[in-house]
Every structure is written in structure tokens, then in C-alpha cells.
Amino acid sequence: MLRLYNALTRSKKLFKPIKNKHVSMYSCGPTVYDHAHIGNLRAYIFADTLQRVLREVEGYSVDWVMNITDVDDKMIGRIQRDNPNEDPNSALGILADTYTDIFIDDIEKVGIKRADIAKLPRATDHIKGMQLLITKLMREKIAYESDGSFYFSLDAYKKSGKKYGVLVDLDYTPQARVTDDQDQKEGVADFVLWKAQKMSEPYWDFEYLDQNYPGRPGWHIECSVMSTQYLGAPFDIHTGGIDLKFPHHENEIAQCGGHQANFFVHNEHLQVHSEKMSKSIGNITKLSDIKDPLAFRLLCLQAHYRTQMDYSPKALDSAHERINNLRAYADQLFLATEHQLPTADESGITAEFWQIFSASLEDDVNTPAALAALAAIEGKVFSQQTLQLLYKVDKVLGLQLIDERPISSEARATLADYETAREAKEYIKSDKLREELKTNYQLQVSDTQYGPLVSRIRK
Ligand code: AMP
Ligand code: ZN
């Protein structure tokens, strides 16, 4: 059974889905105003790994929803800079389309399958739902209108008996200032739900009590609405980077009148020289700067998701080397001929490996421990059972270690000649054939107790 660190209780808890065998999970997704950086990708790689563990280790089906933020200050800043003469609503749509496609491309390169995400809803397709929630909060007198904008009143929320500061210890009193770096709110502690239209900004009509309040939604409201619309309330797991704990998730919870998910799970940051990777600091690396995106995925998995992880090209190079070694081992198993390897691993090491591997993942998704467990079999154990387990490893970690392309019949024939020459102790001939396999077919031969095993040579 999976134990998962829950920010609501600040402890590892046994995870039990609300519905038997079925998990509902929501991840805060990208703002599609530009390329994601690899720090953002760490957040999605973690969410993906978690949902893979739920599916492949725990045997649940998973409904995974990730939102696309397609309206906020950053989106608007971008269209005002690049398309000042276009209709702002349509310019926003074009910008969102462009970077949503790029985002999907990027996540697929790091091993996230688009098909595993049940829905990628966009904020601007849910304006009506957000307006309904704001209307409800107005009716409950937890929100108020001022100058055409609508705000969430923390004071009123607290007076209604609710707690603000569920995920983080916020010493909120009506006088205390609660800062929010995304919204231009007017009150000391309140946050914006709906922003009144500003000149040349995109807007939507909002009919409230027979009056129109043209404007656009605040950032937090979209996730309260889309998560519960698609997954119901409560749903099982809400994920996001640690910076989203407050104010974003805290505000999402308040808007829902209490925590809408049973587990809130946050990944720590990817850093550069001990500083968060972020566009505003200017220390970002994009995925297009990385030659082997799956090596980056491995690098992420080598750190526990709740620890800060320092990124450097050198660290990426070592991950590249490590994934190539794992790929070579997978090749040796996959490219072995039908009768070359025993069906079962009689030593029991393969079965023991799976025990440790899955137990590590069930312990708060401890991917570094799971990867370390691979060392017990890598390059040492060869059987068809081991290959079958490696397929499972691929499903769980998403590293795509097994390359299912067959080798050519010419290469196979050369390999058979190599084996014959070696058995006949014709070492000059076998050395020549080994070189031929290398130069003509980019295959490396290793002599094992099961005869020669081959792997592809990778740079
Ligand atoms: P944003 O597009 O800024 O809302 O971020 C998208 C996701 O990436 C959120 O879950 C953030 O918490 C996460 N994130 C942003 N920067 C980093 C970073 N340096 N390391 C890990 N996650 C990050
Ligand atoms: Zn969100």
C-alpha cells in the first residue's frame, strides 16, 4: 500500500482512494505564454511518476486532470507586447494554442504520455463555472465587489468558522498582511476572484444581479472550478510545485469552502547553484537545450521529489551515461535470441529486486531507492523473467529503457559467426567479427555464460 506525504496533515499517510480501485488526481498545469523550463517539467515528471505508481504498482485506474492557464498577467503581458493591434481575446487564444502544443510536445519527450492525461481543460473554457462560484461566494457573503472587481474576504471566511492556513501555518488575523505575488488586490489580506476589465485587455461579460461586470478571472479560481467540475469534491490527490502551496492552493481550498482534495502533494524545486530555476531570475534551461530528454527524466527521478535538486550540465551528463548503461542492459535482454536466456531467474534475485523496487515506490514515491534497487540486476542477471520485469519498470518509471527495434538479419548472421568462431577458439576471426559488429552495425558484444549478448552503441 502506498504511503504518501500529505501537506494537509504534514505527514506520510496511507493512501486510500475515495472510490475503490479508482483514483482522481488534479495537477496544476502550465501557463501557456512561453516555453516551459525544465524546473516546470520536474513538477509534471513527478505528477506523472505518481500516477504511474498508482496505476502500475497499486493497480488503480487513474483519472488525471491537468489545467492549462490561458489567461493571467503573463499571458496578457505577452499579447500586449507581441500583438498590440489584434483583438485581445483572439490573440490570447492563438498564443494559448501555440504554447499548449509546444507543452504537449515537451512532456511527451520526457516520457509523459498525453493519453494518460484524461483532460487538459483550459481556464477560458470555464469562465461560466468560475462566475457561478463567485456568485455563490457573494451569496454567502464571503466575497465582495469593489470597483467592478470581486474579492474573497478572508475576514468573512474566518468569521464563518473556516480555517485559512490549512497547508501552511499562516498567522492570519484580519490585520495581518498576506502577500500574493500574482494578483493586484486592494485589501490587506483578500485575494481577487474577478478583475474588472482594463483597456485593451481580454475580457468576458459577467452578469451579476442584473448588472454586467466585464473582466477576467483571478488565477486561483480556475483550479477550484476545474478540479471539482471534472473530479467531483472531494477528489483524491492534488499536485503542484511547492511554490503553489501558498497562496495558490490555500486560496483554492478557501474558495471551495474547505479542502477539495484529500491529499495535497508538492514537489520541491529544481535549482541552479542553490537558487530556484525561474524565468524571473533568468537562470532557465529549456528542454530544447537538452539532447536526451529521458536522461533529464532520470535525473529528476534520482532525487526524491520532496528534496531540492540542483541542476547542472555535469549532473545531466552523468544521468545520460547512467541511462545509456541501463539501455544497454535492456538491449542485452531484449536482443537475446529466443533460447539464449533461461525462462526464470532461479537465483531469486529478480523477484527480490521487484520487492525492493515496488516497496521503495510505495514509500512516498522514493524513486532514488527504486533506481538503486536496479543495481542488483543490471548487467548481472539475465533471464526472460528479468526482461518481463524490466517492461514493468519501464511502465512505472517511464524511462523507455527497452528499445524494441530488431537488429538486422545481416547483423544477426555476423553475431552467429562470431559465436561459432569463439566456440572454435578462432580468436583472430572472432576479434575481427566483433569489430565488424561495432563499425558496421553499432553493436557492442559482451561474452556471458549465456553466450554473446549485444547492446546498441549510443553516444
Ligand atoms: P507555472 O507555469 O509558473 O505556474 O509553473 C508550473 C508548475 O511548475 C507549478 O507546479 C510550479 O510549482 C512548478 N515549478 C515552477 N518552477 C519550478 C522549479 N524551479 N522547480 C520545480 N517546479 C517548479
Ligand atoms: Zn492550480
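This is a guided tour of one protein and its ligand, stop by stop, for you to follow in your viewer.

**Start with the whole thing**

Before you click on anything, keep in mind that this is a predicted model. Show the protein as a cartoon and you can look for 14 helices and 17 strands. Turn the C-alpha trace around: along its principal axes it spans about 95 × 50 × 35 Å. Now colour by burial if your viewer can do that. Of the 459 residues in the protein, 54% are buried.

**Stop 1: the ligand**

Select ligand 1 and show it as sticks. Where does ligand 1 sit? You'll find it in the largest pocket. Next, show the residues around it. There are 17 of them, and the ones that come nearest are G39, G241, D243, L270 and M277.

What classes of residue make up that shell? Colour by class and you get 8 polar, 5 nonpolar and 4 charged residues.

Now zoom in on some individual atoms:

- Pick N40 and look at its side chain: an N or O atom there is 3.2 Å from an oxygen atom of ligand 1.
- Move to L270, where a backbone N or O atom lies 2.8 Å from a nitrogen atom of the ligand.
- Then try M277: a polar backbone atom of this residue is 2.9 Å from a nitrogen atom of ligand 1.

How much of ligand 1 does the protein bury? On its own the ligand exposes 490 Å², and the protein buries 91% of that.

**Stop 2: the elements around the ligand**

Stay here and select two pieces of the cartoon, α1 (38-57) and β11 (235-241). Each of them supplies at least two residues of the shell around ligand 1. Which element gives the most? That's α1, with 4 residues.

While α1 is selected, go to V53, which is in this helix. Is V53 buried or exposed? It counts as buried, because its relative accessibility is 0%, and the cut-off for buried is under 20%. Now add K395 to your selection. V53 and K395 are 342 residues apart along the chain, yet their C-alpha atoms are separated by 8.8 Å.

**Stop 3: two cis peptide bonds**

Time for some backbone oddities. In general, most peptide bonds are trans. Select A233 and P234: the peptide bond from one to the other is cis, with omega near 0 degrees. P234 is in the loop between α6 (219-231) and β11.

Then jump to F246 and P247. These two are also joined by a cis peptide bond, with omega about 0 degrees. Here the proline is in a helix: P247 lies in α7 (residues 245-255).

**Stop 4: two positive phi values**

Most residues other than glycine have a negative phi. Select L209 and D210 to see two with positive values. Phi of L209 is near 45 degrees, and that of D210 is about 65 degrees. Where are they? L209 lies in the loop between β8 and β9 (211-212), and D210 is in the loop between β8 and β9 too.

Switch on the surface. Are L209 and D210 buried or exposed? L209 counts as exposed because its relative accessibility is 68%. D210 is exposed as well, with a relative accessible area of 82%. The cut-off for exposed is over 50%.

**Stop 5: a loop residue in between**

Now select Q197, in the loop between β7 (191-196) and β8 (207-208). At 37% relative accessibility, Q197 counts as partly exposed. Which residue can you pair with it? Add G215: the two are 18 residues apart along the chain, and their C-alpha atoms are separated by 4.0 Å.

**Stop 6: two buried helix residues**

Select H320, which lies in helix α9 (residues 313-334). H320 is buried, because its relative accessible area is 14%. What does its side chain touch? Show D292: the side chains of H320 and D292 make a polar contact at 2.9 Å.

Last one! Go to S360 in helix α10 (residues 349-362). S360 counts as buried, at 10% relative accessibility. Add A373 and draw a C-alpha to C-alpha line: S360 and A373 are 8.7 Å apart in space and 13 residues apart in sequence.

Terms used:
Residues are numbered from 1 along each chain as its sequence is written. Chains are lettered from A and ligands numbered from 1 in the order in which they are written. This is a predicted model: local features need pLDDT of at least 70, side-chain atom pairs count only at pLDDT 80 or more; totals for chains, interfaces and linings use all residues. Side-chain values use heavy atoms; hydrogens and water are left out. A residue is near a molecule or strand if one of its heavy atoms lies within 4 Å of it. A polar contact is a pair of N or O atoms within 3.5 Å; within protein, one must be able to donate a hydrogen and the other to accept it, and residues adjacent in sequence count only if both atoms are side-chain atoms. Accessible areas come from the Shrake-Rupley method with a 1.4 Å probe; for residues, only the protein chains shown count as cover. On a 1 Å grid over the protein atoms alone, a cavity is a set of points where a 1.4 Å probe fits but cannot get out, and a pocket is an open set with protein on both sides within 12 Å along at least five of seven lines; lining residues have an atom within 4 Å of a point. A molecule sits in a cavity or pocket if more than half of its atoms lie within 2 Å of its grid points. Ala, Val, Leu, Ile, Met, Phe, Trp, Tyr, Cys and Pro count as nonpolar, Asp, Glu, Lys and Arg as charged, and the others, Gly among them, as polar. Buried means under 20% relative accessible area, exposed over 50%, partly exposed in between (1.4 Å probe, protein chains only).
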